[in-house]
Amino acid sequence: MQATEQNLPKTLPTKRAAEYLNRSEQTLRKWACKDCAPMGVRPIRINRRLAWRIEDLLKILGAHD
């Protein structure tokens, strides 16, 4: 099976996003609470849980290159 963009998730839960960014989960929760994430990134809420858009995570990572 060939991986396509349609097969990839559009968001990641906080735990996976934190691993991806090499930050603690609590850091991402703080960013969400205080609305102070790099690059103006804001998570979305799905069933009262935070979800982080992959495109936003890539923006954050691109800012550190």
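Select Arg 29 to start. Arg 29 is partly exposed, with a relative accessible area of 36%. Keep in mind that this is a predicted model.

Stay on Arg 29 and add Glu 25. The two residues form a salt bridge, and their closest N and O atoms lie 2.9 Å apart. Now show the backbone of helix α2, which covers residues 25-34. Arg 29 and Glu 25 are separated by about one helical turn, because they sit 4 residues apart in this helix. Check the accessibility of Glu 25 as well. Glu 25 is partly exposed, at 30% relative accessibility.

Next, select Thr 14. You will find Thr 14 in helix α1, residues 14-21. Is Thr 14 buried or exposed? Thr 14 counts as buried, because its relative accessibility is 9% and the cut-off for buried is under 20%.

What surrounds Thr 14? Set aside its neighbours within four places in sequence, and Thr 14 is in contact with Glu 25, Leu 28, Arg 29, Leu 50 and Trp 52. You have already met two of these residues, Glu 25 and Arg 29, as salt-bridge partners. Now zoom in on Trp 52. The side chains of Thr 14 and Trp 52 make a polar contact at 3.2 Å.

Back to salt bridges. How many does the structure hold? It holds 4. The bridge between Arg 29 and Glu 25 is one of them.

For another, select Asp 35 and Arg 42. These residues form a salt bridge, with 3.2 Å between the closest N and O atoms. Compare how each partner meets the surface. Asp 35 is partly exposed, at 46% relative accessible area. Arg 42 has a relative accessible area of 53%. Arg 42 counts as exposed, because the cut-off for exposed is over 50%.

Move on to helix α3, residues 54-63. Select Lys 59 and Asp 56 there. Their side chains meet in a salt bridge, 3.6 Å from N to O. Lys 59 and Asp 56 are 3 residues apart in the helix, so about one helical turn separates them.

Which partner is buried, Lys 59 or Asp 56? Asp 56 counts as buried, at 9% relative accessibility. Lys 59 is partly exposed, with a relative accessible area of 44%.

For the last stop, add Arg 53 to the selection. Arg 53, Asp 56 and Lys 59 are joined into one network by salt bridges that share partners.

Note on methods. Residues numbered from 1 in each chain as written. Predicted model: local features only at pLDDT ≥ 70, side-chain atom pairs only at ≥ 80, totals over all residues. Heavy atoms only, no water. Helix = DSSP H or I, 4+ residues; strand = E, 2+ residues; numbered from the N terminus. Buried < 20%, exposed > 50% of the residue type's maximum accessible area, 1.4 Å probe, protein only. Polar contact = N/O pair within 3.5 Å; in protein donor to acceptor, adjacent residues only side chain to side chain. Contact = heavy atoms within 4.5 Å.
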